[in-house]
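Visitor: Could you walk me through part of this fold? I'd like to start with one residue and work outwards.
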Amino acid sequence: MKKLILVFSGPSGAGKSTLINHLLEKYDSAGLTVSHTTRAARENEKDGNDYHFITHDEFEKMVKNNEFVEHVFCYGNRYGTSKKAIEEVLSKKDICVLDLEFEGAQNVLSNKIFDCECIGILVLPPSLKTLRKRLKNRHSETEESLECRLTESFKADKIAKYHHVIINADLERAKLELTKIIEDRGSKQN
């Protein structure tokens, strides 16, 4: 079976991380890349596990050396997925999972560096009201960043760029939808 890159996007609070964790638990053949960022680590985040936390200078050096398959400036910080991170996952696993915001996802989905099938999956909550509630319950957003995230979350031009959209109104149903995407891909290749 051909290697697969699965690119997940969605606003904070949509349940994207929960679905990714479900995928990683269900399929031993799936592995998650670790991105680089210039933002400070949050409580309980570990360098090399959640992100590679680096300085702006280190990030800029990686950009100049063409080490990223995608990189963006988002919410005041730099984020990027290195080619090396994807190669490391693909050397051990059949499915490489990326968790990216919209711009980075589009860069990867349109990039033909790797000889893999690439599938984009957008995870959305059922409504802006639900998203607002989930984000407020996290207590991790300023009012300004909350409004920015809400404004960007449901733009139709963004939604149309993905192969699949999972509306996470019911977690168990969303997990089934994700499993169907993976299983259908496998049956089409046999």
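Guide: What follows goes from a single histidine to the strands around it, and please keep in mind that this is a predicted model.

Visitor: Okay, where does H36 sit?
Guide: H36 lies in strand β3, which covers residues 36-37.

Visitor: And is H36 buried or exposed?
Guide: H36 counts as buried, because its relative accessibility is 10% and the cut-off for buried is under 20%.

Visitor: Which residues does it touch, leaving out those up to four places away in sequence?
Guide: With those sequence neighbours set aside, H36 touches Y51, H52, I54, F59, M62, F68, R78, Y79, G80 and S82.

Visitor: Let's turn to β6, then; how many of its residues are buried?
Guide: In strand β6, residues 77-82, 6 of the 6 residues are buried, so the strand is largely enclosed by the rest of the structure. Both of its faces are covered, with N77, Y79 and T81 buried on one side and R78, G80 and S82 buried on the other.

Visitor: Which way do β3 and β6 run relative to each other, parallel or antiparallel?
Guide: They run antiparallel and are joined by 2 bridges, and T37 has Y79 as its bridge partner in β6.

Visitor: What about β5 and β6, how many bridges there?
Guide: Strand β5, residues 68-74, pairs with β6 over 6 bridges, again in the antiparallel sense, and here the β6 bridge partner of V72 is Y79.

Visitor: Last one: what phi does Y75 take in that hairpin?
Guide: The hairpin of β5 and β6 has 2 residues between the strands, and Y75 takes a positive phi near 55° there.

Notes. Residues numbered from 1 in each chain as written. Predicted model: local features only at pLDDT ≥ 70, side-chain atom pairs only at ≥ 80, totals over all residues. Heavy atoms only, no water. Helix = DSSP H or I, 4+ residues; strand = E, 2+ residues; numbered from the N terminus. Buried < 20%, exposed > 50% of the residue type's maximum accessible area, 1.4 Å probe, protein only. Contact = heavy atoms within 4.5 Å. Pairing = 2+ DSSP bridges.
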